[in-house]
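User: I'm new to this structure and would love a close look at a single part of it. Could you walk me through one helix and its surroundings?

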Amino acid sequence: MCQSKNIYLPNLATIEAIVDETPDVRTLRLVFQDDQVRENFSFRAGQFAEYSAFGAGESTFCIASAPTRKGYIECCFRSVGRVTESLRRLEVGDSIGVRGPYGNSFPIEQFYGKSLVFIAGGIALPPLRTVIWNCLDLRDKFKDITIVYGARSEADLVYKRELAEWQERDDVRLVKCVDPGGNGPDFDGKVGFVPNVLEEAAPSSENAVALVCGPPIMIKFTLPVLERLGFADDQIYTTLENRMKCGVGKCGRCNVGNVYVCKDGPVFTAGEVKAMSQEF
């Protein structure tokens, strides 16, 4: 971790590489310009940062790269508004601001010796990608690793190169899917919605944890499937990001009852999320 004493002052970073994951989703690889910041910056899987396009504002995204991979960080975003459109107009070599890391993280050390089930939908794969690579870089510490990932169509699947890499690995079970009608003739995955495909895949809940991230409707129908598969609330983790703004508990935008998602989260167990839902 390497934060400025001024919580609102970002560190400058240079865009080292750009990858267009889909027509409207882009990944930026960022390198901090200050040598000390670049050397000392650290984070844990699940934490997030504030990324600023100068003159436009800042947006909140997870740190999508793995903490086990040093020298850079990555963020992934969909172009949907003023800030993200400004970020998308930037090119390799341009500068952006980065504040963070903020929030809690996935308790990876508590997962040692367990099987891992990752469940993601659409643009919600980046918050789990950081954990996936973190765990794959420490592969001998975990048992089975299953990844269930789906999107509306083949074109909407992000990290296509990494999906292909995971599919080729003998120590990973990847189940990818697209919604009915979203597949082409050469699609080599499942056709169906993520909750249904998860139930068909039926990963074991014995000595396992499930990590879920996706649109609210996907999570709504995925949690009952996990319950039927035998996962208890304390075996299920998710990450909440869409309500956060300032990142430091000042603006109140992410407040739910007595919980501030940016400070108390963004990572919560299913039990914690259910308790929060009673506050609405």
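Analyst: Happy to help; here is a tour of one helix, followed by a strand it packs against and a pair of helices elsewhere. Please keep in mind that this is a predicted model.

Let's start with helix H6, which covers residues 194–201. Its buried residues are Val194, Pro195, Val197, Leu198 and Ala201. Looking down the axis of H6, you would find these buried residues within an arc of 165°, so they line one face of the helix. What do they pack against? The partners of the buried residues are strands E7 (115–121), E8 (145–151), E9 and E10 (190–191), together with helix H7 (216–228). Just past the end of H6, Ala202 has a positive phi of about 50°.

One of those partners, strand E9, spans residues 173–178 and includes Lys176. Is Lys176 buried or exposed? Its relative accessibility is 14%, so Lys176 counts as buried. The side chain of Lys176 makes a polar contact of 3.0 Å with the side chain of Asp188. Leaving aside residues up to four places away in sequence, Lys176 touches Tyr149, Gln167, Phe187, Asp188, Gly189 and Lys190.

Gln167 brings us to another helix, H5 (residues 160–168), whose axis comes within 13 Å of that of H4 (residues 126–136), crossing at roughly 35°. This crossing is left-handed. H4 contributes Arg129, Ile132, Trp133 and Leu136 to the contact, while H5 contributes Glu162, Glu165 and Trp166. Sorted by class, that makes four nonpolar, no polar and three charged residues.

How values were computed:
Residues are numbered from 1 along each chain as its sequence is written. This is a predicted model: local features need pLDDT of at least 70, side-chain atom pairs count only at pLDDT 80 or more; totals for chains, interfaces and linings use all residues. Side-chain values use heavy atoms; hydrogens and water are left out. Helices (H or I, at least four residues) and strands (E, at least two) are DSSP runs, numbered from the N terminus. Buried means under 20% relative accessible area, exposed over 50%, partly exposed in between (1.4 Å probe, protein chains only). A polar contact is a pair of N or O atoms within 3.5 Å; within protein, one must be able to donate a hydrogen and the other to accept it, and residues adjacent in sequence count only if both atoms are side-chain atoms. Contact means heavy atoms within 4.5 Å. Axes are lines fitted to C-alpha atoms, for helices over the stretch in contact, and angles run from 0 to 180 degrees between N-to-C directions. A crossing is left-handed if the near helix is turned anticlockwise from the far one by less than a right angle, and right-handed if clockwise. Ala, Val, Leu, Ile, Met, Phe, Trp, Tyr, Cys and Pro count as nonpolar, Asp, Glu, Lys and Arg as charged, and the others, Gly among them, as polar. The arc is that of the directions from the helix axis to the C-beta atoms.
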